[in-house]
Amino acid sequence: MKKSNYNFIFPGEEGKSVLYNSRTGAMAELDKEHAEQLENLSEQELEAQNPDFASALLTNGFAVEEGVSELDMIRYDMLRTRFGNRSLILTITPTLDCNFGCKYCYEKEVVQNQYMSEDTQEAIIEYIENNAFAEGNLHISWYGGEPLLALNIIDKMSKQILQICDEKRIEYDAEIITNGYLLTEDAAEVLIENKINKIQITLDGNKETHDQRRPLLNGKGTYGVIWENLRGLKKYQDKLWVALRVNVDKNNEAAVYGVEQQVESEKMDSFVYVYPGKVMAVGSCYKKSECFNNAEFAILEQKFSCSREKGIRYSYPYPKHIVCCADNNNAIVVDAQGFLYRCWMEIGVKERSVGNIKEIEGKNEQVLYEYVLNDITNNKTCKECKYLPICLGGCPFIRIAKGNNCTLFKYTMEQYMQYIPHKMKK
Amino acid sequence: MKVIVNKEERNLKNVRSACTLSITCEGHLCCPSLGSK
């Protein structure tokens with residue numbers, strides 16, 4: 001056997017050490033004696049002097065068989081996930097219309113009062129019929145603009161999709177990314193009826209901060225209505241899960257703590273998960289000087305994650321096999337006109353479209369290849385990096401625009417490891 | 001050696017979770033793309 005190239009060792013509680021492996025995600029606690037053996041003994045000495053320990057290292061991926069390339073293992077997992085999975089993933093934008101005028105919105109330039117036509121809806125349904133894997137998985141993300149402005153389209157299409165899933169015994173799950181303003185109890189019931197049970201809503205802080213950053217198009221505040229709607233979801237808490245995103249930049253650094261406190265005081269933390277999102281200045285949508293850089297945001301995120309009792313598993317550095325939908329060959333984003341994209345950051349940017357749902361083949365294939373043919377395990381820097389399995393080069397959109405975008409754990413792993421082992425043991 | 005987190009099962013079940021509000025995906029919960037919307 002040989003020790004893994006992806007082992008990290010950190011000081012733990014009571015003189016012990018924490019051993020973590022980024023390729024397998026395994027974590028273990030070592031007493032002083034074992035930590036010293038791991039550090040000082042060669043593989044051969046370990047196997048001879050402490051075969052049980054050597055075997056445990058192998059079982060948990062802290063060591064691998066001699067002759068196996070861990071880089072090949074990472075590449076294999078990445079490629080079979082990217083090209084060999086049986087999940088179809090669609091992000092559908094039923095409208096690019098929006099009722100909000102968020103100050104940092106990257107879709108400002110593409111928002112338009114346009115709703116998906118019946119033709120396009122039918123073409124998407126046909127695409128799902130032809131491409132969803134029988135007895136596989138289908139995941140739908142409803143996106144916008146503001147998708148709840150097109151709830152009737154979501155309702156109609158979801159019912160057709162559910163029927164296909166039923167006939168082909170496809171495991172289905174769906175989510176919606178909404179600003180929450182139109183998420184009344186009636187709307188929630190439509191979502192639940194259609195098994196859209198994960199909802200992402202954005203709230204940027206207290207009333208003053210949120211209303212200043214995320215007003216209606218006419219400038220009116222939205223904080224009160226969103227909270228009223230959130231409270232209305234309480235009665236559905238067994239059927240819904242809400243990701244409450246707090247978009248942060250240098251103007252509302254501490255907002256995520258306030259939102260978390262509010263959720264707890266309203267006793268909604270059993271179904272509402274609060275987390276910070278990083279505002280990015282894409283093109284001219286926002287001032288770069290107001291945004292955090294990766295290192296700054298990483299520290300903010302780590303401090304928040306480690307400050308609370310629950311939810312540490314969402315912050316755990318699990319290995320990735322793909323980065324996101326954009327580098328997954330079976331995933332596609334469809335806009336309201338039926339144009340197809342790899343990443344939802346490119347919605348409405350026609351030169352980045354890879355076709356139309358009515359005419360898919362042979363359109364701007366090079367954009368597709370930029371996303372799905374990148375082999376990060378061949379990158380000179382990344383192939384030597386211990387963070388590679390939990391990073392895979394980071395956000396593909398940023399990678400294409402600016403180059404590799406390292407995992408935020410690179411800035412905060414040590415700090416996380418002061419908290420994670422203790423909290424994971426609970 | 002006391003294992004706190006088991007090694008990830010290397011099977012395709014992980015693929016599905018990679019597209020949802022998942023702990024293993026850069027999408028959604030930690031996707032920088034959504035930060036500006």
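Two strands are taken to pair if DSSP finds at least two bridges between them, and helices (H or I, at least four residues) and strands (E, at least two) are DSSP runs, numbered from the N terminus.

## Basis of the model

This is a predicted model, in which local features need pLDDT of at least 70 and side-chain atom pairs count only at pLDDT 80 or more, whereas totals for chains, interfaces and linings use all residues. Residues are numbered from 1 along each chain as its sequence is written, chains are lettered from A and ligands numbered from 1 in the order in which they are written, and side-chain values use heavy atoms, with hydrogens and water left out.

## The antiparallel sheet across chains A and B

A:Ile9 stands opposite A:Leu19 in strand 3 of chain A, and A:Phe10 stands opposite A:Val18 in that strand. Strand 2 of chain A and strand 3 (residues 17-21) of chain A pair in the antiparallel sense over five bridges; they form a hairpin with five residues between them, and A:Glu14 in the turn has a positive phi of about 50°.

This hairpin belongs to an open sheet of four strands, with antiparallel pairing and the order 2(A)-3(A)-4(A)-1(B). Strand 2 (7-11) of chain A and strand 1 (2-5) of chain B stand at the edges with a single partner strand each, so one side of each is left without a neighbour in the sheet. Neighbouring strands of this sheet are turned by 25° against each other on average, direction ignored. Helix 1 (residues 32-40) of chain A packs on the sheet, touching strand 2, strand 3 and strand 4 (27-30) of chain A, and its direction makes about 110° with that of strand 4 of chain A. Here contact means heavy atoms within 4.5 Å, while axes are lines fitted to C-alpha atoms, for helices over the stretch in contact, and angles run from 0 to 180 degrees between N-to-C directions.

## Strand 7 and its parallel partners

Six of the six residues of strand 7 (residues 137-142) of chain A are buried, so this strand is largely enclosed by the rest of the structure; buried means under 20% relative accessible area, exposed over 50% and partly exposed in between (1.4 Å probe, protein chains only). A:Asn137, A:His139 and A:Ser141 point one way from strand 7 of chain A, and A:Leu138, A:Ile140 and A:Trp142 point the other way.

Strand 7 of chain A pairs in the parallel sense with strand 6 (residues 87-92) of chain A over six bridges, with A:Ile92 opposite A:Trp142. Six bridges also join strand 7 of chain A to strand 8 (residues 171-178) of chain A, again in parallel, and there A:Trp142 stands opposite A:Ile176.
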